[in-house]
Amino acid sequence: MRELTIQDSEQAEYRRNFVRDMMKHAWKGYAEYAWGYNEVKPVSKAPHTESIFGGEKLGASIVDGIDTLYIMGLNDEYLAARTWIENNLDFSKFDVDLSVFETNIRYVGGLLSIYALTKDQMFLRKAVQIADKLLPAFDSPSGIPYSNVNLRTGFARNHDWAYGAAILSEFGSMHLEFMYLSHVTGDPKYREKALKIRDAIKRAVPRSDGLYNNYMNIETGQWLARPTHISIGALGDSFYEYLIKAYVQSDGQDVEAYQMYVDAMKAYENKLIFTSTQSRLVYFAELKDTSINHKMDSLACFSGGMLAMGARKSNEPLKSRHMSLASGIANTCHESCVRSKSHLGPETFFFSSRADAMAYGPSEKYYILRPEIIETYFYMWRYTHDPKYRAWAWDFVEALERYCKSEAGYSGLRNVYQPVIKDDVQQSFFLAEVLKYLYLIFSPDNVIDLDEWVFNTEAHPLPILKRS
Ligand code: DMJ
């Protein structure tokens, strides 16, 4: 790989500023047409409200986007967001059911992150108020939280579609926020809840192949026998991410989390990691009961970054093996993008004699401004400094500009192969994740240094809790 030059850093600066301008545009659209609502419809220029937040005006884009504004130095926008949070963000006003997972990663994570960056106590108070609203969900026989909780009554229940079970990626992604909450408040109750989840997972009878089902019965504390769905994509993803990140957040003290991560990846290597026959692309497959599905979700593309992080924390031979898997996954996800006309990858892509990193049908061809591919480019850039990751990220920026940019922000697409129709939603994670990771790819490594910070699954950086 060649050395980086002055021209490279000038180009990076230009591109970093370009991404900053994208954030300004995305923010302006939201602020003008949907201020205080959850998201903006950037084509029809109207508010968009997510059902995961009970349909209420909870300012999801403000809370999810504020740390990105701060990191980019967009001071006026940051101050407007801060004022809105101080005066309006109040979960005690509403009588709605919320997703515990989404509220934790976007609101609690977002507020803790901006608190950690600014040390402004107002953000911490808001994070505590919201986290406390989630606590009734943890009152289950196993200590695994229910998926939804009512803000007024505290009544908690699982999703109607999930066979009565709790979801691995959801209850597996409370740890980073809850550990940090106890650290900064001095109140052990959040840490206890997080560790109780870990204990429940360890107590459940494991599968003989070491893989984790995405569904758990939280009354009995056992994995469902049927259906079984095992995936590093939807419903599984951030459980694995939070294992290695728990180890990182604890500055290497949580060796149990590291071992669980390594064992889980070993189980995947044994059974669910394949190389495609057509063009030798590495991918994670899924298991549904006894059948292997040779497909990857765009969501699963975060795994390249996760494997690279795990490799950094490991010794040989695992280090090299996982780094090579990480670059293989990054390459596969990049191929899923460049094999489409838009250069934005589809929601799901397949590996077979019919397709190689391509979607089959209309229900898989959409792109909703997901961040996972960019997230992997970010980690690969930071860990390798191979310029191809910056080049791939810039290709993504150009695609967003060409196909997703709208009058009042950025929109998803209905079909990445025929990028004509927009879905008219600017997801809050576009502000929290896509634009933040893009900005950081073109920034020096000391802007959110990975030796100091660990990102939650919504790209909100939380401090590494140093042993000292
Ligand atoms: C985000 O809310 C988070 O990254 C989550 O872990 C998975 N899904 C979305 C983005 O695709």
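Two helices, α4 (100–118) and α15 (428–441), each supply at least two residues of the shell around the ligand. The structure is a predicted model, and the description that follows should be read in that light. The residues around the ligand are I105, R106, L299, R370, P371, E372, F429, E433, T457 and E458. The ligand sits in the largest pocket.

Three glutamates deserve attention at this site. The side chain of E458 places an N or O atom 2.5 Å from an oxygen atom of the ligand. For E433, the side chain has an N or O atom 2.8 Å from a ligand oxygen, and for the side chain of E372 the corresponding separation is also 2.8 Å. Taken on its own, the ligand has 290 Å² of accessible area, of which the protein covers 92%.

Where along the chain does E458 lie? Its place is the loop between β19 (453–455) and β20 (461–463). E458 has a relative accessible area of 2%, and because this is under 20% the residue counts as buried. Once its neighbours within four places in sequence are set aside, E458 is in contact with D64, I105, R106, S428, F429, A432 and E433. Among the residues around the ligand are I105, R106, F429 and E433, and these four also appear in the list of contacts of E458.

Attention may now turn to helix α11, which spans residues 303–312. How many of its ten residues are buried? Nine of the ten are buried, and the helix is accordingly described as mostly covered. The buried residues are S303, G304, G305, M306, L307, A308, M309, G310 and A311. The cover over them includes the helices α9 (237–249), α10 (255–271), α12 (318–338) and α13 (372–384), together with the strands β11 (282–284) and β14 (295–297).

The loop between α11 and α12 contains P317. A cis peptide bond joins E316 to P317, with omega at about 5°. A further cis peptide bond runs from R226 to P227, where omega is near -10°. P227 is located in the loop between β8 (222–223) and β9 (229–230).

A127 offers a view of another helix, α5 (residues 121–134). Is A127 buried or exposed? A127 is buried, because its relative accessible area of 0% falls under the limit of 20%. Leaving out residues up to four places away in sequence, A127 touches V108, L111 and L112. The C-alpha atoms of A127 and G109 are separated by 7.9 Å, although the two residues are 18 residues apart along the chain. The helix α4 (100–118) thus returns to the account at this point, having been introduced through the shell around the ligand.

Two residues remain, each with a backbone angle to be noted. A357, in strand β16 (residues 356–358), has a positive phi of about 60° although it is not a glycine. A357 is buried, with a relative accessible area of 0%. H385 likewise is a residue other than glycine with a positive phi, in this case near 55°. H385 lies in the loop between α13 and α14 (387–404). What is the exposure of H385? H385 is partly exposed, because its relative accessible area of 28% lies between the limits of 20% and 50%.

Notes. Residues numbered from 1 in each chain as written. Predicted model: local features only at pLDDT ≥ 70, side-chain atom pairs only at ≥ 80, totals over all residues. Heavy atoms only, no water. Helix = DSSP H or I, 4+ residues; strand = E, 2+ residues; numbered from the N terminus. Buried < 20%, exposed > 50% of the residue type's maximum accessible area, 1.4 Å probe, protein only. Contact = heavy atoms within 4.5 Å. Near = heavy atom within 4 Å. Polar contact = N/O pair within 3.5 Å; in protein donor to acceptor, adjacent residues only side chain to side chain. Areas by Shrake-Rupley, 256 points an atom, 1.4 Å probe, with all protein chains shown as cover. 1 Å grid on protein atoms, 1.4 Å probe; cavity = no way out; pocket = protein on both sides within 12 Å on 5 of 7 lines; lining within 4 Å. Sits in = over half its atoms within 2 Å of the grid points.
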